[in-house]
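User: Could you take a close look at one part of this model for me, the aromatic side chains and the cores around them? I'd like a connected account, with some sense of how far to trust it.

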Amino acid sequence: MISVLVIASFALAACGSPATEAPVEAPAATEVPATEAAMTEAPAMEDVAIRWRTRPDNQEEIDVYSQISTDLDGELDGITLTYEPGGSEGANYQDQLKAEIAAGTAPDVFWIPGTDVADFATRGLILNAADLAAATPDFSVDDFYAGPMFHLTYNPETGAAGADSGAVWGIPRDVSTFALYLNMDLINEAGAPDPRELAANGEWTWDAFLDVAQKTRALGSDIYGYGASAWWGPYGVWLNASGGGFFTEDRSACALNTPESLAGLDFQRSLYQDYDVATPYGEDPEPTFRAGKVAMFQNGRWATPGVRTVDFEWDVVQLPDGPSGTAGNWLFWGAYVINANTEHPEEAWALAQALTTAQTQGKIAALGANIPSRVSQEALDSFLTFTPPANNQAFLNGIAADANPTAEGPLWAGSWPEFDKVMGPAIQGVLTGATTVDDFGTTICDEANKVFTQ
Amino acid sequence: MKIQSYRFLQFLNKFITYFVLTFFALVMIFPFAYMLTTSFKIPADTFRYPPRMLPRNPETVVVDGYDEPLPLYFVDVDGTQKEYALAKSNIKVGTYAPADNLTATVERYLTEVKPTGGATNQQKVTVNGEEVKLFDVEVDGQVIPMILVSQTTVGEFIDPKNPENKIFQNVRLSTPVETLGGHPENYVEVIELNNMARALTNTALVTILVVLGQLVTSVVGGYAFARLKFPGRDTVFVFYLGTIMIPFVMLIVPLYQLMVLIGWTDRLAALIIPWIFTAYGTFLMRQHFITFPKEIEEAALLDGASRLQILTQILIPASVPALATQATFTFLYAWNSFIWPLVIINVGNEKNHVLTLALNVLRGRASDTPNLILAGAAIAIIPPLIVFILGQRFFVESVASSGVKG
Amino acid sequence: MTTHLPTDPRTENLLRISIIWRGLFTLLSAAGAIFLWTGTLLPDSPLWQKIIITVTLVTASVFSGIGAVQISRRNHSGRMISLVVDYLAFVICVVAALTIGEVFIGIDALAETFTSGLPYLGIVALGYFLGVLDEYFPQKQQNSETSLKVASRWVMLGGFALFLLQVGAINGILYFLGKLAQPAGIVSVTGVVIFGLSLWTMGRAATAQALHVKTNHEQILNGWLFLSPNLLGFLIFFAGPLVLSFYFSFTDSDAFNTPSWVGFANYAKILNVRFALLTSPDQLARDVVNIKVYDEVGRFIFGNRGILFAAADKFFWLALRNTLTFVLFAVPLSVIPALILSNVLNSKLPGMKFYRAIYFMPSIAAVVGISLVWQWLYNATVGYINYFITLGIDFWNNLFNLAIVDPKIQWVSDEKTALLAVVLIAAWQTMGFNTVLFLAGLQNIPGELYEAATVDGAGAWDKFWSITLPMLAPTTFYVVSTTTIQAMQVFEQVFILMNPAEGPNNSTITLVLYLYRSGFQNFQQGYASAIAWVLFIVIFGLTLIQFQRQRKSSIYES
């Protein structure tokens, strides 16, 4: 059809007889029409139109949030909601947002990852909702996990954080943490011990993990013991678990070169290089896992809706404990923030709140996408009702206080995106065997420390 | 003798020629073929190793006593291959051996074996300095304490006609029974879920308007450069020529800000209007018109025809190949452009996505279903291919002519 | 000038009106310029807008005044000035009316209904084919031929009318008119009418005659008129942004705040590099350069010593390195096979057109789509490319009892092969295109040359070296330079294929990717503009070198 059409238009333009000349000119007129259609779509006059966006990682999540949007549209008076899925992780979600803010076409309320809050806040792209929050009696900073709220109430001018810092950059959408998604078919076939039982007995350590990975890897050249994506989350875990980390305690300098960090990195390197149990670093392991070829797949709660479509027996288990005695897990979070240029800040704030009520979070949790960001037993209970996976507790163990998770966070004293751009490629060099851990250790902080404002 | 060897050489020459040509043709075709066949597969089939070209469907069978249809596999029964249904998987099997003779192994289901001395007080034995648990294994009616050497899982395969006939073997390494067959519904899914239909018509609309607009402006501009003498013409022409080499990415930042200024971000207009004025197209048209004999035009002028009449009634009908050249290039450029839509069109506004953008979104959302991604790619790639096959002569020859002239 | 034909009274009156209109226009524009600064007109516009509008208005006013005087003196330049001023004003009013009527942003809405109109465009196509059909039944009967043509025309027109109806043309026009019914809309429509009338008055043949216009004057006007659509668009959407880009490259523009002038700071940062002598191959960068400013880009080792290359902006130099490496591999890989293939295709054997068409196919497919396909071909575990390599290795191992180890290449995730993976896609995609170009060049070589060489006893190889290659030099120059310019801008392949796009250990960060990253991820748009200009200079330099070589070699030949 299209081809015929295009040939016709070629012809229209090309033959140029008087008869066809008119159609050539005509498209100018045809451009007008459907504006009309756009107008009829516009909301009724009394309603304020609010657009909002979160980053979905798969179609299942899009469905969850579309449902939420429809529900809230009915509940909130005077507001008409439009949910836009936005790009996925691979499609530069944050960068697109910035381009749209610059162009004035960004949504009123949008979700950004915790790491980017400082960048957006210091550029003046998101609204400081402190006044709106102060006027809202229902809102309390203490209702949410402290890790995210520290950064969301951080005032870069005073350096203060907390309820009275004079800054509220947003409300956390949810929290998440890593677990290992298990392909029990492979683990059983390899005769490897059940990681869930090991975890229950407190024997789930790096050695036990390596044992399971090696046993499953031995099943065949296309079967892998372990798989993780190539971004800061997965590799950061190994650094944390051996007592290291990306930054110093006050997040003002690079700590990638401490002996603990390097030891963690070296163990992860050995998974790729020495023991060869992992899917190639840099290639997405999720399709491979879903195809039934990876025994242990490290990912966050957000992967659950997608994994539920697989046709093998699966479950989750918490990350293995490292030398530091903890699994070094992250407390991932992202927040709904308000566009600094929104025309309706009050309504936007109302929406941000509505999106994070215990009720909404319960709904999202029940749909399986993520863990509520409110610290409440009720929310956690509704999270636990969603199975499979049977072992939902693995996620809660990851964020439990005694697991001491490291909260994801932006760099107020520097630029997280730039830090990431220095760190990511360098670590990739180590994990793919191009550079040694020693060489990495001697040079990395020289480069990475430049992103901190002195 | 000599003639024979000459003939042989000629034959060899031809053979090598066709061999080389066919080899390269296969290299060129292969990715397209892969794209098409994969787009009809089911996800599991795309992750198979070794890879297979044609899409297949796993066969199932309905067996009495089971609610769901069971997948069929090939199994080896007494030396003959038979099609059995997989009734149950993940059955744990252990390999047991006496602690003093580890080579005398027997295989038992884990459920059939009890811990020696009971679950609460299981007996242990030391093997190679390590304590190992003992199990009571029955061999030929005799209970022998053995240790678990290794364990694995098997599936229970049953004869669909006679469910009593059972075979146990590894499921993962068994060959499923499959039939050739595609899944055109992949295309339906991509189009419905990922907005490909809208992206397709948007791309068509944008491309048509850009091609038409660009033809109009470059024809009249090229005519002015080629045929009309006016002061400043040559200066402007040199200026045009000088900008042909400037790559588009030079403009991406200022053009973005210009679009912000006039409010065209996130609008299809931004994909159309700036692209209908090009120096290159005008240059091509000018090169073409300049070869046209002047006499005809002068005669028409004497007859009182206006310049516009000359252009539309004499020059344009005689320039179909040149216009087709220009239209070809513009069409491909407009259809395939990516970086500008990426910058200017809002990722959340799927109504205004063009195919390349939709593909970029799709690759993130459907990263675990290559069949869907490649179905999307096929939707983007096939329309230009159809146009190409229909107008093959135009395409190839217009490219050739552009090289000769350039 | 020599013959003074009498002017008819109607033209005289029109000329008088024109003079008055010119005078009025002069006063109006001058007044507009003044009111702009008193704040009556457009009080909210920023300073630079005010300046541009003022300059435009004052220029228009002055020229209009001159025009009035010249028309009164019956000088043809008065007509010229009048036409130019009115034409530009007319265009501005039309664009304003279209903008106010939301025609441009209405394209979005057209996209909404476009699908429903597609069948009717099919009717248009049908009509066109009727017309084509006509050519296949030549001279059967004078009448039937014309009737088929007429039918074709009516079917096309009818189909298009139905299409317009279907996509909502009537609603659209109503909406357009509705939007125009506001002060700004009425002003611009009035402008369109007045300037249109004035243009018509001046354009009349009688008026031209009265003002002693000669044929070459007419040609000048026609020339600019025909060029104007292209030139105006070109100035606004190409030349203007180009100048703007140059300006941005001297600012810290970030798209959010007002840019401020930073002079050469952007260029200085890009070009800020240090070379340092290393006394041992593994000496650390911090021992030889100030690592607070510089990052190591690479080192060149000679025995026990070496040179360290460090830069303030490491990523730019990595991008430059990768881009040049890419060009160095992709250009020969897409040109040399094309040269060979074109020579093979140039034989008179049957089936050559078929092969030519096959080779051409990759170059018409969208790079985005193609990259997605190759991404799966490159897949390290289940991809076809590694499968073929394994098959090949097994074959040789079995044949000669060797033990070659299967490399299991991780094409896109290994920094050693990532750029190569991109090179292969690019070569695959441009090879056929280049083959067709070469083929056209080959077919332009006169056959006598080969015949003469055959008489002299030259072999096929000699002919290739002494005739084909030299005669093909202009085509080769064209092919190599266009392929190089394209290769310098490599972006889409890496953006789609690599995750993250910078590739493993920055091995596929290219100049355009870095430009995109700076401009649209970090939003340092001033810096990105500076990168754009450096990229341009590199491309320009490369083309210049090729051009020089081409000139030299053609001098030798002649």
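Analyst: Happy to. A good place to start is chain A, where one aromatic cluster is formed by A:Phe178, A:Trp231, A:Trp232, A:Tyr235, A:Phe246, A:Phe247, A:Trp302, A:Trp330, A:Phe332, A:Trp416, A:Phe419 and A:Phe452. Please keep in mind that this is a predicted model. Over all chains, the structure holds 120 aromatic pairs. For one of them, C:Phe464 with C:Trp465, the ring centres are 5.9 Å apart and the planes meet at 75°, so this pair is edge-to-face.

Charged side chains also meet rings in chain C. C:Arg22 lies over the face of C:Phe25, 5.2 Å from the ring centre. In a similar vein, C:Lys269 has its charged end over the ring of C:Tyr527, at 5.3 Å from the centre.

Now to the cores. The largest nonpolar core has 223 residues, and B:Tyr256 and B:Trp340 are the ones that touch the most other members. Helix α4 of chain B, residues 196-227, supplies the largest share of this core with 18 residues. Apart from this core lies another, of 138 residues, with A:Tyr93, A:Trp204, A:Ala407 and A:Val422 among them.

B:Trp340 is worth a moment on its own. Setting aside neighbours within four places in sequence, B:Trp340 is in contact with B:Phe248, B:Ile252, B:Leu255, B:Tyr256, B:Met259, B:Ala270, B:Leu271 and B:Trp275. B:Tyr256, the other residue with the most core partners, is thus one of the contacts of B:Trp340.

Helix α4 of chain B also contains B:Leu205. With a relative accessible area of 3%, B:Leu205 falls under the 20% limit and is therefore buried. Beyond four places in sequence, B:Leu205 touches B:Leu268 and also residues of chain C, namely C:Ile107, C:Leu110, C:Ala111 and C:Phe114. B:Ile273 is 68 residues away from B:Leu205 along the chain, and their C-alpha atoms are separated by 13 Å.

A little further on in chain B comes B:Asp266, in the loop between α6 (252-262) and α7. B:Asp266 has a positive phi of about 70° although it is not a glycine, and at 13% relative accessibility it counts as buried. C:Asn401 makes a useful companion: its phi is near 55°, again positive in a residue other than glycine. C:Asn401 is in the loop between α15 (384-400) and α16 (418-443) of chain C, and at 72% relative accessibility it counts as exposed.

Chain C also offers a helix to look at, α14 (residues 367-377). Of its 11 residues 10 are buried, so the helix is largely enclosed by the rest of the structure. The buried residues include C:Trp374 and C:Trp376, along with C:Ile370, C:Leu372 and C:Leu377.

Stepping back to whole chains, chain B has 15 helices and 12 strands. Its radius of gyration is 36 Å, well over the 22 Å that the globule rule gives for 406 residues, so chain B is more spread out than a compact globule. Its C-alpha atoms fill a box of roughly 120 × 80 × 50 Å along the principal axes. Buried residues make up 55% of chain B. Strand β4 (residues 80-97) of chain B holds B:Ser89, which is partly exposed at 37% relative accessibility and touches B:Val154, B:Gly155 and B:Val171, residues up to four places away in sequence not being counted.

Chain A, home of the aromatic cluster we began with, has 22 helices and 11 strands. Of its 454 residues, 64% count as buried. Among contacts in chain A with a separation of 6 or more, residues 24 or more positions apart account for 74%.

Finally, on trust. Chain B averages a pLDDT of 86, with 96% of the residues scoring at least 70. Among its elements, helix α15 (residues 392-405) has the lowest mean, 66, and helix α7 (residues 269-272) the highest, 92. In chain A the mean is 82, and 87% of the residues reach 70 or more. Residues 1-44 of chain A stay under 50, although the model has 87 contacts for them beyond four places in sequence. Where pLDDT is low, the predicted coordinates should not be read in detail.

Conventions: Residues numbered from 1 in each chain as written. Chains lettered and ligands numbered in written order. Heavy atoms only, no water. pLDDT = per-residue confidence, 0-100. Helix = DSSP H or I, 4+ residues; strand = E, 2+ residues; numbered from the N terminus. Core = buried A, V, L, I, M, F, W, Y, C linked by side-chain atoms within 4.5 Å. Buried < 20%, exposed > 50% of the residue type's maximum accessible area, 1.4 Å probe, protein only. Contact = heavy atoms within 4.5 Å. Phe/Tyr/Trp six-rings, centres within 6.5 Å; stacked < 30°, edge-to-face > 60°. Lys NZ or Arg CZ within 6 Å of the ring centre and 35° of its normal. Rg over C-alpha atoms; globule rule 2.2 N^0.38 Å.
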